[in-house]
Amino acid sequence: MTRELSWRNFDFILLGAVILASAFGTVMIRSAVAGNEVLLPLVIRQVYFAILGVTVIFVVASIDYRYWLALYRPIYLAIMIFLVTLTGFGQSAFGAQRWFTVGVLFLQPTEFAKIIAIIVLARYFDSAQDRPRDLRWVLGAIFWASGIVVMILLQPNLSNVLLLSVILAVMLWINGVQVRHVAIAGSVGAVVMVILIVLSVLGVRIPFLQAYQQERIVTFVVPDPNDTYGNRYNVQQALIAIGSGGLSGEGYGQGTQTQLRFLKVRHTDFIFAASSEEFGMVGGAFIILTLAVIVWRCVRAAQKSRDVAGAMIGFGVATLIFFQATVNIGMNLNLLPVSGLPLPFISYGGSGLTALMLGIGLVEAVAMRHKQMEF
């Protein structure tokens, strides 16, 4: 395939949707900091990371994705070293060790670990495509994912553990896992979930979970109506912000819950609420539609891939973006418990944005090596 043909197959619709989402996110971060001088530098940092991310997309897309699969062992080893080091020496937030401080930057290895997990699993399913879909085949996939999952769980970072578990489950399903194995895993998962909820409600401490994580579960399952300023505070402020936005919003930089700083972590976890307050239902629908286009183009690249590995990269990145967006928007609407998963391409976060751009670059690498694409 010539270079010219490859670049004709570059998915500019996907790139355009990513740039649009990132630009809107940067604009909303500018409003969400609400004049806080400490947070103002984050806006320009997000711009720099967005520019860096677009560059990463083109660089990674120009390289055949199978080169990354061939390097899966050193890549896997490198991220494991980062995660092990993070567990012992990383900076903490909400009781979990999340990042390294590098000058004025915060490096979150977990964000890149999710992309590397997709690469490693894509390589596994490609190499194991002719094997029987028995328990050994399933355990092989679990083995490759478990190293990263365990190290993230030890931080502890339960939300990203669930995310990686969902990515693994989707890949297993697409590759033909037996229904009985799905039933067994589903039953075990349901039992574990019930046990976690019951123990949290009863106030029993659970290993690998921080107290605040269990409090979030309790607050969601059995909310205390009198808890006005406690665990339910920000969820209530988010609902007020979304409701006050109405159809078209209160105007950019005019949202009362956002600009008066009643809404906390409004530039990260609750940026959807801030966006909906200032741009209304129209703004919320715009975010959802833009992210839906990104997921659709990733799935499309996966469906047209020339091999199993490329398909798994496309489906893996699509699942990552879809799950993170669903959980983030769900918690903003009080439909799901509060978690630390940001809104893809919209929330502030240099490591998260760069890692997502890396994932999009891999999807573009898959798309560029298709047969002639249909439009």
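## A walk from Leu-158 to the α13/α15 crossing

Start by selecting Leu-158 and its neighbours: leaving aside residues up to four places away in sequence, Leu-158 touches Leu-153, Leu-209 and Gln-213. Keep in mind as you click around that this is a predicted model.

Now put a distance label between two C-alpha atoms, those of Leu-158 and Leu-209. You should read 7.5 Å, for a pair 51 residues apart along the chain. Is Leu-158 buried or exposed? Neither, as it happens: its relative accessibility is 23%, so Leu-158 counts as partly exposed, the cut-off for buried being under 20%.

Leu-158 lies in helix α8, so select that whole helix next, residues 158-174. α8 has 17 residues and spans 24 Å from its first C-alpha to its last, close to the 24 Å expected at 1.5 Å a residue.

Which residues of α8 are buried? Colour these: Ser-159, Asn-160, Val-161, Leu-163, Leu-164, Ile-167, Leu-168, Met-171 and Leu-172. While you look at the pattern, recall that an α-helix has 3.6 residues a turn, so residues three or four places apart point the same way. To see what covers those buried residues, bring up α6 (109-127), α7 (135-153) and α14 (308-332), which are among the elements doing it.

Step off the end of α8 and pick Gly-176, which follows the helix. Its phi is positive, near 95°.

For more positive phi values, jump to the loop between α12 (256-259) and α13 (271-303), where you'll find Arg-261. Phi of Arg-261 is near 65°, and this residue is not a glycine. Val-265 sits in the loop between α12 and α13 too. Its phi is positive as well, near 35°, again in a residue other than glycine. Turn on a surface here: Arg-261 is partly exposed, with a relative accessible area of 34%, and Val-265 is partly exposed, also at 34%.

Last stop: show α13 together with helix α15 (residues 350-368). Their axes come within 9 Å and cross at roughly 40°. That makes α13 oblique to α15. The crossing of α13 past α15 is left-handed. Show side chains for Ile-294, Cys-298 and Ala-301 on α13, then Ile-360, Val-363, Val-366 and Ala-367 on α15, since these residues make the contact. What classes of residue does the contact of α13 with α15 have? Colour by class and you get 7 nonpolar, no polar and no charged residues.

Note on methods. Residues are numbered from 1 along each chain as its sequence is written. This is a predicted model: local features need pLDDT of at least 70, side-chain atom pairs count only at pLDDT 80 or more; totals for chains, interfaces and linings use all residues. Side-chain values use heavy atoms; hydrogens and water are left out. Helices (H or I, at least four residues) and strands (E, at least two) are DSSP runs, numbered from the N terminus. The expected span of a helix is 1.5 Å times one less than its number of residues. Buried means under 20% relative accessible area, exposed over 50%, partly exposed in between (1.4 Å probe, protein chains only). Contact means heavy atoms within 4.5 Å. Axes are lines fitted to C-alpha atoms, for helices over the stretch in contact, and angles run from 0 to 180 degrees between N-to-C directions. Angles under 35 degrees count as roughly parallel, over 145 as roughly antiparallel, 65 to 115 as roughly perpendicular and the rest as oblique. A crossing is left-handed if the near helix is turned anticlockwise from the far one by less than a right angle, and right-handed if clockwise. Ala, Val, Leu, Ile, Met, Phe, Trp, Tyr, Cys and Pro count as nonpolar, Asp, Glu, Lys and Arg as charged, and the others, Gly among them, as polar.
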